[in-house]
Amino acid sequence: MKGRLRSSVGEDVYSSWFARMDLESVQDESVHLSVPTRFLKSWIQTHYSDKVLSCWQAELPDVNRIDLTVRSPVRCAAPAKEAPAPAESRRDEQRSAAERSNGAAPVSANHDALGGSPLDPRLTFASFVVGRSNTLAHAAAKQVAEGRRGDPVMFNPLYIHSGVGLGKTHLLQAVTWAGNTGNERKVLYLTAEKFMYGFVAALKTQTSLAFKEALRGIDVLVIDDLQFLQGKTTQAEFCHTLNALIDAGRQVVVAADRPPSDLESLDERVRSRLAGGLVVEMAPLGEDLRLGILRSRVVAARAHHASFDVPQPVLEYLARAITHNGRDLEGAINRLLAHSKLNNQPVTLEMAEHEVRDLIRPSEPKRIKIEDIQRIVARQYNVSRSDLLSSRRTANVVRPRQVAMYLAKTLTLRSLPEIGRRFGGRDHTTVLHAVRKIEGLVSKDNTLSDEVESLKRQLQE
Ligand code: ADP
Ligand code: MG
C-alpha cells in the first residue's frame, strides 16, 4: 500500500508527507490512518485525500472512506526524572490523554508562556543511545545543552538532519529538557508547525518592540521538522527570528529530514544562514546501535515489569531484522511486553518472529558495486586490489580472486564478460570457472562458506 502511494506521488512528496502515516485499522468500507501532527493531517486532507483513497481502492475495492486522525504525542507535565508509564499501556494512554484534553499541558511555565510544543518526558539524554551514526550529533547537542547563559556560542545554528525515526526529535527534546531543568536558561522547543501557527501568529499581534522583548527571554530556540516550514510570510518571520537570535548570541538548534541545501521551499538567504553553523547528519542506525536501543528499552520496561526479559538471541534477531527506524524498535519491545504479559509466557524467538513480522520491511536491495566487492575481499584476505586484478597465479591470490568473481556474479547483475573485463580483462570462461568452483566449495567447506557469508554481510551493510 505504501509502495503504491510512493510510486503514485513520487519519493519526495512521499517522504515529506506520508512517511509517518500509520495504518490504525481497516473496517469494511473505511480505512483509519493516523499522522503525528495536525498540520500533516490538514495538508494530506486538502492535497492528497483522493490519491490516498484511490491507492486503497486499488487494493481493497470496497473502501470508500479514509479517516485520518492525529496520533498525539505524550503530553505530560511531569519532569524527565519521573518514572515513565509502563510501555504496554502507553499507547492507550496516549490516545486517551489526547481524547481527554486536546489542549497541551506542556512542560514548564516558560515553555507554556512562550507557546512551546509539548515534550515527551522519555526523550532525554539519559535514554539516548550513542553509536557510530550519531556520535557527532549527540556531542554537539550535549554541548549546546550544557551551555550557560552568556557563554559564547560555539556553533550557531546547530542543524541536525537524518531520515525518519533516527533520533532527531529525541535529541532536540533532550536538549530542551536538559536546558530547562539543569540551569537558568530558557529553552523553547517548537515544531515547525507550531512555529508557523502559534509563534508567528503571536508575534504578528505584537509590536516589534514586544517581539524583541519576547525573543530576549529565549536562550535557546529549538525547531523540529523544519522541512514543514511553508509560506512566504512564515519564512520571512523565521528569517527575522533566526537573525535576531543569532546576532544576539542566542543558540538556535534545528532538525530536518534533509540538509539545508535541499530545503527547496526556503529562501536562499535562509538556507545559507542555516548552513552557516554546524550541519550534522545522522546516518541510519547501525546494528550495534539498534541492539543498544533495544536493550535500553528492555531495561526501561523492566523497571515496571520485573519478570519481563528478552533473551539475547531475540534481541540480536530484532536488531538484525528491524532496520528502518527507532520507532519500530520501540514498537517491537512494546509488543513483546504486551504479548508476554497477556499470555503469561516468556519471550521466545518464535514469539518475536511472529509478533514483529509486519515491522520487517523487505530491505531495499542495495546496489553493490564490483569495486566494493574487490575492496572488501582484498581486505578480508589481506591482499591488494591490484593483486586481484593481476595475472598472478599463486594460491593466496587465486582463491580470493575466485571468491570476488563469484560474489560479483551472485550480488550484481553484471554479465560474465563484463565481470571478466573488470577483473583485469579476463575471459568470461575464467569467470564461469571461478563461479562454479566457489559454488561447489561452499557446500562442502564450512570455513569458506562462513567467509563468503561474512563478505556478503559486509557488502550489504
Ligand atoms: P526522528 O525525529 O528523527 O524522526 P525520533 O527522535 O522520533 O526520530 O526517534 C524515533 C524513535 O526512536 C523514538 O522512540 C526514539 O526514542 C528512538 N530512538 C532513535 N534514536 C535513538 C537513540 N540513539 N537512542 C535511543 N532511542 C532512539
Ligand atoms: Mg522527529
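A polar contact here is a pair of N or O atoms within 3.5 Å. Keep that cut-off in mind as we look at ligand 1, and remember throughout that this is a predicted model.

With that in hand, start at Arg297, where a polar side-chain atom sits 2.8 Å from an oxygen atom of ligand 1. That distance falls within the 3.5 Å limit, so the pair counts as a polar contact. Thr169 does something similar, with a polar side-chain atom 2.8 Å from an oxygen atom of the ligand. Right beside it in the sequence, Lys168 places a polar side-chain atom 2.9 Å from an oxygen atom of ligand 1. How much of the ligand does the protein bury? On its own, ligand 1 would expose 560 Å², and the protein buries 92% of that.

Now zoom out to the whole shell. There are 18 residues around ligand 1, and those that come nearest are Val129, Gly165, Thr169, His170 and Arg297. Sorted by class, the shell holds 6 nonpolar, 8 polar and 4 charged residues. Three helices each give two or more residues to this shell: helix 7 (168–182), helix 12 (287–302) and helix 14 (326–342). Why does the ligand lie between two domains? Domain 2 (113–281) and domain 3 (285–364) both give residues to the shell, so ligand 1 ends up between them.

Next, the sheets. Strands of a sheet pair through backbone hydrogen bonds, and they can do so in parallel or antiparallel fashion. One open sheet here has 3 strands in the order 1-2-3, and its pairing is mixed. Strand 1 (22–27) and strand 3 (65–70) are at the edges with a single partner strand each, so one side of each has no neighbour in the sheet. From one strand to the next, the twist averages 20 degrees.

You can see where "mixed" comes from by following the pairs. Strand 1 and strand 2 run antiparallel and are joined by 5 bridges, with Val26 partnered by Val31 in strand 2. These two strands make a hairpin with 2 residues between them, and Asp28 in the turn has a positive phi of about 30 degrees. On the other side, strand 2 (residues 30–35) runs parallel to strand 3, and 6 bridges join them. Among these pairings, Ser34 has Thr69 of strand 3 as its bridge partner.

The other open sheet has 5 strands in the order 5-6-7-4-8, and its pairing is parallel. Strand 5 (187–191) and strand 8 (278–281) are its edge strands, each pairing on one side only. Neighbouring strands are turned by 15 degrees against each other on average, direction ignored. Strand 5 is joined to strand 6 (residues 220–224) by 5 bridges, and Leu188 has Leu221 of strand 6 as its bridge partner.

Finally, a couple of backbone oddities. Most residues other than glycine have a negative phi, and most peptide bonds are trans. Where does Pro157 sit? Look in the loop between helix 6 (135–146) and strand 4 (158–161). The peptide bond that leads into Pro157 from Asn156 is cis, with omega near -5 degrees. Then there is Asn344, which is not a glycine yet has a positive phi of about 55 degrees. You will find Asn344 in the loop between helix 14 and helix 15 (349–355). Helix 14 should ring a bell, as one of the elements that give two or more residues to the shell around ligand 1.

Notes:
Residues numbered from 1 in each chain as written. Chains lettered and ligands numbered in written order. Predicted model: local features only at pLDDT ≥ 70, side-chain atom pairs only at ≥ 80, totals over all residues. Heavy atoms only, no water. Near = heavy atom within 4 Å. Polar contact = N/O pair within 3.5 Å; in protein donor to acceptor, adjacent residues only side chain to side chain. Areas by Shrake-Rupley, 256 points an atom, 1.4 Å probe, with all protein chains shown as cover. Helix = DSSP H or I, 4+ residues; strand = E, 2+ residues; numbered from the N terminus. Nonpolar A, V, L, I, M, F, W, Y, C, P; charged D, E, K, R; others polar. Domains from an automatic or database assignment. Pairing = 2+ DSSP bridges. Axes fitted to C-alpha atoms, helices over the stretch in contact; angles between N-to-C directions.
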